[in-house]
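Here is a quick walk through one structure, taken a piece at a time. Have a look at it first, then read on.

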Amino acid sequence: MDAKQFKIILEKYPPANRESLIPVLQEIQDAYGYLSESYIVEVGRYLKIPTSKIYGLSTFFDQFRFEAPARFIIRVCNGTSCHVNDSESILAEFEKKYKLKPGQVSRDGMFGLEVTGCMGACGIGPVMEINGEYHTGVKPSMIKDILDALIHPEEELWKAG
């Protein structure tokens with residue numbers, strides 16, 4: 001945690017003010033990507049709110065995360081068309097080859113896997129989106145190459161040139 005940046009965030013809000021809790025948590029998550037235990041404890045001290053109350057409130061809302069996000073967020077569409085075009089085999093490949101199930105982050109923090117509803121590309125599915133980049137017509141055999149290109153982009157440039 002960058003203590004200086006954290007302090008700047010907190011000081012935007014009056015101390016011991018319960019109404020500031022959600023905006024403070026949102027801003028911390030925007031800055032750091034998640035809410036760690038230490039962030040929550042410090043917010044509690046600053047706003048004079050018990051940590052248990054902060055956890056209770058923050059776990060009520062789906063917007064808050066309590067683990068560091070992966071470097072690459074992989075979203076596999078499982079809408080009707082993608083499902084019919086075998087998006088389940090893509091998910092099975094992630095579980096088999098990468099030991100990654102939906103909702104999990106790889107041990108190295110590199111990849112996070114999520115399943116989404118329709119991404120609106122029904123004619124070219126199954127669709128997989130990684131940090132805003134879309135891959136269409138994905139087959140399990142393509143996953144390794146797609147992930148390798150993310151990890152080693154310089155090698156992909158060499159192949160292309």
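The buried residues of α6 pack against β1 (72-77), α5 (80-84), β2 (111-116), β3 (128-130) and α7 (143-151). Some ground rules: buried means under 20% relative accessible area, exposed means over 50%, and partly exposed lies in between (1.4 Å probe, protein chains only). Contact means heavy atoms within 4.5 Å. Helices (H or I, at least four residues) and strands (E, at least two) are DSSP runs, numbered from the N terminus.

This is a predicted model, where local features need pLDDT of at least 70, side-chain atom pairs count only at pLDDT 80 or more, and totals for chains, interfaces and linings use all residues. Residues are numbered from 1 along each chain as its sequence is written, and side-chain values use heavy atoms, with hydrogens and water left out.

Back to α6, then. Its buried residues are Ser-87, Ser-89, Ile-90, Leu-91, Glu-93 and Phe-94. The helix covers residues 87-98, and its twelve residues should span 16 Å at 1.5 Å a residue; the end C-alpha atoms are 16 Å apart, so the two agree. (The expected span is 1.5 Å times one less than the number of residues.) Right after α6 comes Lys-99, with a positive phi near 55 degrees.

How do α6 and α7 pack? Their angle is about 65 degrees and their axes are 11 Å apart, which means α6 is roughly perpendicular to α7. Axes here are lines fitted to C-alpha atoms, for helices over the stretch in contact, and angles run from 0 to 180 degrees between N-to-C directions. Under 35 degrees counts as roughly parallel, over 145 as roughly antiparallel, 65 to 115 as roughly perpendicular and the rest as oblique. On the α6 side, Ile-90, Glu-93, Phe-94 and Tyr-98 meet Ile-143, Lys-144 and Leu-147 of α7. Sorted by class, that contact has five nonpolar, no polar and two charged residues. For that count, Ala, Val, Leu, Ile, Met, Phe, Trp, Tyr, Cys and Pro are nonpolar, Asp, Glu, Lys and Arg are charged, and the others, Gly among them, are polar.

Now for α2. This helix has twelve residues and reaches 16 Å from first C-alpha to last, close to the 16 Å expected at 1.5 Å a residue. Buried in α2 are Leu-21, Val-24, Leu-25, Glu-27, Ile-28, Gln-29 and Tyr-32, and what covers them includes α1, α3 and α4 (51-60). Glu-27 has a relative accessible area of 18%, so this residue counts as buried. Beyond its neighbours within four places in sequence, Glu-27 touches Ile-9, Lys-12 and Tyr-13. Gly-33 follows α2, with a positive phi near 90 degrees.

What about the cores? The largest nonpolar core has 19 residues, and Phe-6, Leu-21, Leu-25, Ile-28, Val-43 and Ile-54 have the most contacts inside it. At least two residues come from each of α1 (3-11), α2 and α3 (37-47). A second, separate core of 17 residues includes Leu-91, Phe-94, Leu-100 and Leu-150. A nonpolar core is a set of buried Ala, Val, Leu, Ile, Met, Phe, Trp, Tyr and Cys residues joined through side-chain atoms within 4.5 Å.

Finally, the loops. Two residues with positive phi are listed here:

| Residue | Phi | Loop | Relative accessible area |
|---|---|---|---|
| Ala-16 | near 55 degrees | between α1 and α2 | 49%, partly exposed |
| Lys-48 | about 60 degrees | between α3 and α4 | 62%, exposed |

In the loop between β2 and β3 sits Pro-126; the peptide bond to Pro-126 from Gly-125 is cis, with omega near 0 degrees.
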